[in-house]
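Colleague: Before I use any of the labels attached to this chain, I would like to hear what each one rests on. Could you take me through them, setting each value against its criterion?

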Amino acid sequence: MAELVFFSGTMDSGKSTLALQMHHNHAARGRDGVLFTRHDRAGAATISSRLGLTQQAHEVDDSTDFWSDVISRRTRGRPVDYLIGDEAQFYTADQVEQLARVVDELGVDVFVFGISTDFRARLFPGAARLVELADRVEILQVRALCWCGARATHNARTIGGTMVVEGAQVVVGDVEAGADEVGYEVLCRRHHMRRMTAATARASSPSPQMLTSAEELSI
């Protein structure tokens, strides 16, 4: 029976790697699939992993209609057994509903991958609708780590290493951004709430031991 499955995790948790691995596994068994993505850091129409894996995909925009897309492909003779969608947090709520309809009425498996919350720890509209409609929500087991070594659960937007909490919800950046560029860093909840990135932690303390002591005193 077809499913809509949302694989969720922070940056650096292996979402795109898993998406490409899942596509490989299904295609190797003779299943026909279509890949989608939106706002990948490597550019349009690409799914890219930080491990160096890349795959061409169809770029999603606000006009994309997944239902019509699958119907069109099947009309042209493609079976379309599954869809894989990366960066699904950027899909609209309507597009998530289209994906659910593709599963329920056409029997197509849909596997989508994305982060749940933005740099302000607020749910993306697409991710929120996926949580509401998905048959399963799976949290990726590869744990991204905060600079302190704890499990990273939040995505922070940074400029020059300093966390920012204002701006548009969608701004494309990467964890390896330059000093003056918009970048992102994964943090544990405590350091996200304190707006303490690796750069600001280094600036405020000459050593990890002193930083730990300073934090303990402030608790």
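Modeller: Two strands count as paired if DSSP finds at least two bridges between them. Please keep in mind throughout that this is a predicted model.

Colleague: What makes β1 and β7 a pair, and in which sense do they run?

Modeller: Strand β1, residues 4-8, and strand β7, residues 109-114, are joined over five bridges in the parallel sense, and since the criterion asks for at least two bridges, they count as paired. Leucine 4 has valine 110 of β7 standing opposite.

Colleague: Which sheet has β1 and β7 as members, and why are β5 and β8 said to stand at its edges?

Modeller: The sheet is an open one of six strands with parallel pairing, in the order β5-β2-β6-β7-β1-β8. β5 (58-59) and β8 (136-139) each have a single partner strand, so one side of each lacks a neighbour in the sheet, and that is what places them at the edges. Helix α2, residues 66-75, packs on this sheet, where it touches β2 (33-37), β5 and β6 (82-85), and its direction makes about 150° with that of β2. Helix α4, for its part, lies across β1, β7 and β8 and runs at about 130° to β1.

Colleague: Why is α3 called roughly parallel to α4?

Modeller: The axes of α3 (residues 93-106) and α4 (residues 125-133) come within 8 Å and cross at roughly 30°. Angles under 35 degrees count as roughly parallel, so α3 is roughly parallel to α4. The crossing in which α3 passes α4 is right-handed. On the α3 side the contact involves Ala93, Val96, Glu97 and Ala100, and these meet Gly126, Arg129, Leu130 and Leu133 of α4. By residue class, the contact of α3 with α4 divides into five nonpolar, one polar and two charged.

Colleague: And why are α2 and α3 called oblique to each other?

Modeller: Their axes also come within 8 Å, and the crossing is at roughly 40°. That value falls outside the roughly parallel class, which takes angles under 35 degrees, and outside the roughly perpendicular one, which takes 65 to 115, and α2 and α3 are therefore oblique to each other. From α2 the contact draws on Phe66, Trp67, Val70, Ile71 and Arg74, and from α3 on Gln95, Gln98, Leu99, Arg101, Val102, Glu105 and Leu106. The residues of this contact divide into seven nonpolar, two polar and three charged.

Colleague: How do you know that threonine 37 counts as buried?

Modeller: Buried means under 20% relative accessible area, and threonine 37 counts as buried because its relative accessibility is 0%. Threonine 37 lies in strand β2. Leaving aside residues up to four places away in sequence, threonine 37 touches several residues, among them Ala45, Ile47, His58, Val60, Asp86 and Tyr91. For the chain as a whole, 46% of the 219 residues count as buried.

Colleague: What makes β9 a mostly covered strand, and how is β9 joined to β11?

Modeller: Strand β9, residues 154-159, has five of its six residues buried, and on that count the strand is mostly covered. Six bridges join β9 to strand β11, residues 182-187, and the two run antiparallel. Within this pairing, histidine 154 stands opposite leucine 187, while the bridge partner of asparagine 155 is valine 186.

Colleague: How do you know that β9 also pairs with β10, and what lies between them?

Modeller: β9 and β10, the latter covering residues 162-164, are connected over three bridges in the antiparallel sense, where at least two are required. Arginine 157 stands opposite valine 164 in β10. The two strands form a hairpin with two residues between them, and glycine 160 in the turn has a positive phi of about 60°.

Colleague: What sheet do these three strands make, and which of them are the edge strands?

Modeller: They make an open sheet with antiparallel pairing in the order β10-β9-β11. Its edge strands are β10 and β11, each of which pairs on one side only. From one strand to the next, the twist averages 50°.

Terms used. Residues are numbered from 1 along each chain as its sequence is written. This is a predicted model: local features need pLDDT of at least 70, side-chain atom pairs count only at pLDDT 80 or more; totals for chains, interfaces and linings use all residues. Side-chain values use heavy atoms; hydrogens and water are left out. Axes are lines fitted to C-alpha atoms, for helices over the stretch in contact, and angles run from 0 to 180 degrees between N-to-C directions. Helices (H or I, at least four residues) and strands (E, at least two) are DSSP runs, numbered from the N terminus. Angles under 35 degrees count as roughly parallel, over 145 as roughly antiparallel, 65 to 115 as roughly perpendicular and the rest as oblique. A crossing is left-handed if the near helix is turned anticlockwise from the far one by less than a right angle, and right-handed if clockwise. Contact means heavy atoms within 4.5 Å. Ala, Val, Leu, Ile, Met, Phe, Trp, Tyr, Cys and Pro count as nonpolar, Asp, Glu, Lys and Arg as charged, and the others, Gly among them, as polar. Buried means under 20% relative accessible area, exposed over 50%, partly exposed in between (1.4 Å probe, protein chains only).
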